[in-house]
Amino acid sequence: MRYTINHRWGDAEEADSLGGPVLVALLAELADPTDTEHPDVWIDDNESGWCLSVFAGDAGLVVLENDEKDDIRHLRGLSSDDAVALCTAFGAGDLEAVLQKGWLPGYG
């Protein structure tokens, strides 16, 4: 399986590909910004080693990291639509398009 989808409350599932409805449902889990114990959902690309995390709250925080390359980046201020578009590109394996965003170093 290429992807591991990690849900907000700890469940995970494997997938060969990610479609829009799967990603919209995953990001909908972030609707309650008051659950600070479980603030994010994330997708691991098991082939490339990259992980994309989307956080709940008004800040629109997204973190992209690759532990193997010791590379951690973040974006702030993403709308829900922007987060879906970013996750869709990531889930389509278009890592080049994802990496071309205006990432800043660190976790933000």
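Two strands count as paired here if DSSP finds at least two bridges between them. With that in hand, here are the close-up views of this predicted model.

**View 1. The whole protein combines three helices with seven strands.** Reading from the N terminus, the elements follow the order β-β-α-β-β-β-β-α-α-β. The C-alpha trace spans about 35 × 30 × 25 Å along its principal axes. For 108 residues, a compact globule would have a radius of gyration near 13 Å, and the protein agrees with this at 13 Å. Of those 108 residues, 40% count as buried. The accessible surface comes to about 5,900 Å², and 51% of this surface belongs to carbon and sulfur atoms. Among contacts between residues at least 6 apart in sequence, 45% join residues at least 24 apart.

**View 2. Seven strands build one open sheet.** Follow the strands across the sheet and you meet them in the order β2-β1-β3-β4-β5-β6-β7, with antiparallel pairing. The edges are formed by β2 (12-15) and β7 (104-105), each of which pairs on one side only. As general background, strands of a sheet pair through backbone hydrogen bonds, either parallel or antiparallel.

**View 3. Strand β5 (residues 62-66) is largely enclosed by the rest of the structure, because five of its five residues are buried.** Which residues lie on each face of β5? Val62, Leu64 and Asn66 are on one side, while Val63 and Glu65 are on the other. Both faces are covered, and these residues are all buried. It is worth pausing at Glu65, a buried residue of this strand, since Glu65 is also the bridge partner of Cys51.

**View 4. Strand β4 (residues 50-55) and β5 form an antiparallel pair.** How many bridges hold the pair? There are five bridges between β4 and β5. To find your way along the pair, look for Cys51 with its bridge partner Glu65 in β5, and for Ser53, which stands opposite Val63 in β5. The hairpin of these two strands has six residues between them, and in this hairpin Gly57 takes a positive phi near 110°.

**View 5. On to the next hairpin, where β5 meets strand β6 (residues 71-75).** Five bridges join the two strands, which run antiparallel. Asn66 has Asp71 as its bridge partner in β6. Four residues lie between the strands of this hairpin, and Asp70 takes a positive phi near 50° there.

**View 6. Asp71 and Arg73 form a salt bridge.** Their closest N and O atoms are 2.9 Å apart. Is Asp71 buried or exposed? With a relative accessible area of 19%, Asp71 is buried, as the cut-off for buried is under 20%. Arg73, with a relative accessible area of 21%, is partly exposed. Asp71 is also a residue you have met before, as the bridge partner of Asn66.

**View 7. Arg2, Asp45 and Glu47 are linked in a network of salt bridges.** A general point helps here: side chains of opposite charge can pair when their charged atoms come close. The side chains of Arg2 and Asp45 meet at 2.8 Å, N to O. This pair links distant parts of the chain, with Arg2 in the segment before β1 and Asp45 in strand β3, 43 residues apart. The side chain of Arg2 also meets that of Glu47, at 3.7 Å, N to O. Glu47 lies in the loop between β3 and β4, so its pairing with Arg2 ties together parts that are 45 residues apart in sequence. The three residues differ in their accessibility: Asp45 is buried at 3%, Arg2 is partly exposed at 22%, and Glu47 is exposed at 60%. The structure holds three salt bridges.

**View 8. Helix α1 (residues 20-28) has Leu23, Leu26 and Leu27 as its buried residues.** Why do they lie on the same side of α1? They cover an arc of only 95° around the axis, which puts them on the same side of the helix. What covers these buried residues includes β1 (3-6), β3 (40-45), β4 and α2 (80-91).

How values were computed. Residues numbered from 1 in each chain as written. Predicted model: local features only at pLDDT ≥ 70, side-chain atom pairs only at ≥ 80, totals over all residues. Heavy atoms only, no water. Buried < 20%, exposed > 50% of the residue type's maximum accessible area, 1.4 Å probe, protein only. Arc of directions from axis to C-beta. Contact = heavy atoms within 4.5 Å. Rg over C-alpha atoms; globule rule 2.2 N^0.38 Å. Areas by Shrake-Rupley, 256 points an atom, 1.4 Å probe, with all protein chains shown as cover. Salt bridge = Lys/Arg side-chain N within 4 Å of Asp/Glu carboxyl O.
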